[in-house]
Amino acid sequence: MRIFKPKFWSEKISLFSIILFPFSAILIFYIFLKKKFLKVKSFEIPIICVGNIYLGGTGKTPTSILLATELSKLGKNPVISRKYYKNHNDEYSLIKKKFKNLILNKNRTDGIKEAEISNFDSIILDDGLQDYGIKKNLNIVCFNNSQLIGNGMVLPAGPLRENLAALKNTQIVIINGGKNEKFEKKILGINNKLDIFYSYYKPLNIKQFTMKFNHIIFV
C-alpha cells in the first residue's frame, strides 16, 4: 500500500504539527485507554510479533520471512500470520513466494487460533504490534535509518502510530541502514534491556541487472 507522507512529518518543528497536535493527543489517550482496559488474551502457541511504530515500510515483512525461514531450518514448523486487507495483495504474494505457510484473517486472534488448530508450533505476526489484546512472547520493532521517527510526533501531527514508550514492552529493535549511536542512546533511555541489531538489503542478481541495463543503454 502506497503511503503519501506530508513533508512536515520529517521537520522538527512545524506549524502544521502544532495545529494537528490536539488530534494526536486524542489518539495517544485512546491508545492509553486500550492498553489499560483491554483484556489481553494468551495463547498456547509461541507468538513472535514483528511490528513498527513509524507508519509505512520499515522492513517488517522481509524480517518476518527471514525469521520463519530460520525457524524452519531449526526443525520448527512456523507460520506467518497477517491481518487481511483487500489492498495488500502484493505483500501477501511476496510472503507466499518466499515462504509457504501464511494465514490471512480479518481478525488476528482468529488467525492465531487457526494456527493452533493447524498444528503449527510457532507463529509470526507480521505487523501486529498495535494489537494490544494479544499476549506476545517476543516483540521485534523495525526502524528504517533514513526516517527513524520523523518529527517524533504521533499521527496526524507526525508519522508515528504510537509514541516511543511502546518500546518498554519490546525486546528487540532492528534498524535497517547504517549504525546510529544517537538513536541507540535515545531508545535505550526508554528500555535499557533492548537488543539492537542492524540490517541491510543486498541485491542477489546485481550482475544480471547491470548487464540488462548496459544492453538497454548501448543497444
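Ile 48 of strand 1 has Ile 124 as its bridge partner in strand 4. On the strand 5 side, Leu 138 stands opposite Ile 48. That puts this residue in a good place to start a walk through the model, which is a predicted one.

Strand 1 covers residues 47-52, and six of its six residues are buried. Ile 47, Cys 49 and Gly 51 point one way from the strand, while Ile 48, Val 50 and Asn 52 point the other way, and every one of them is buried. Its pairing with strand 4 is parallel and rests on four bridges. With strand 5 the pairing is again parallel, this time over five bridges.

Zooming out, strand 1 belongs to an open sheet of seven strands, ordered 3-2-4-1-5-6-7, with parallel pairing. The edges are taken by strand 3 (102-105) and strand 7 (195-199); each has a single partner strand, so one side of each is left without a neighbour in the sheet. Neighbouring strands are turned against each other by 25 degrees on average, direction ignored. Towards the strand 3 edge, strand 2 (residues 78-83) runs parallel to strand 3 and is joined to it by four bridges. Ser 81 stands opposite Ile 103 of strand 3 here. Over at strand 7, helix 5 (residues 181-188) comes into the picture: it lies across strand 5 (138-144), strand 6 (172-176) and strand 7, and runs at about 150 degrees to strand 7.

The loops hold a few backbone oddities. Asp 127 sits in the loop between strand 4 (122-126) and strand 5. Its phi is near 75 degrees, a positive value in a residue other than glycine. Asp 127 has a relative accessible area of 12%, and since buried means under 20%, Asp 127 is buried. The loop between strand 5 and strand 6 has a case of its own in Leu 148. This residue is not a glycine either, yet its phi is positive, at about 50 degrees. Its relative accessibility is 14%, so by the cut-off of under 20% Leu 148 counts as buried. Pro 156 is also placed in the loop between strand 5 and strand 6. The peptide bond leading from Leu 155 into Pro 156 is cis, and omega is near -5 degrees.

That leaves helix 1, ahead of strand 1 in the chain, spanning residues 15-37. At the start of this helix, a side-chain oxygen of Ser 14 comes to within 3.2 Å of the backbone nitrogen of Phe 16. Further along, helix 1 bends by about 50 degrees at Phe 21, and a proline, Pro 22, follows within four residues. As for overall length, 23 residues at 1.5 Å a residue should span 33 Å, and the end C-alpha atoms of helix 1 are 34 Å apart, which agrees. The buried residues of helix 1 are Ser 17, Ser 24 and Ile 31. Strand 1, by contrast, is mostly covered, with six of its six residues buried.

Conventions. Residues are numbered from 1 along each chain as its sequence is written. This is a predicted model: local features need pLDDT of at least 70, side-chain atom pairs count only at pLDDT 80 or more; totals for chains, interfaces and linings use all residues. Side-chain values use heavy atoms; hydrogens and water are left out. Helices (H or I, at least four residues) and strands (E, at least two) are DSSP runs, numbered from the N terminus. The expected span of a helix is 1.5 Å times one less than its number of residues. The bend at a residue is the angle between axes fitted to the seven residues ending there and the seven starting there. Buried means under 20% relative accessible area, exposed over 50%, partly exposed in between (1.4 Å probe, protein chains only). A polar contact is a pair of N or O atoms within 3.5 Å; within protein, one must be able to donate a hydrogen and the other to accept it, and residues adjacent in sequence count only if both atoms are side-chain atoms. Two strands pair if DSSP finds at least two bridges between them. Axes are lines fitted to C-alpha atoms, for helices over the stretch in contact, and angles run from 0 to 180 degrees between N-to-C directions. Contact means heavy atoms within 4.5 Å.
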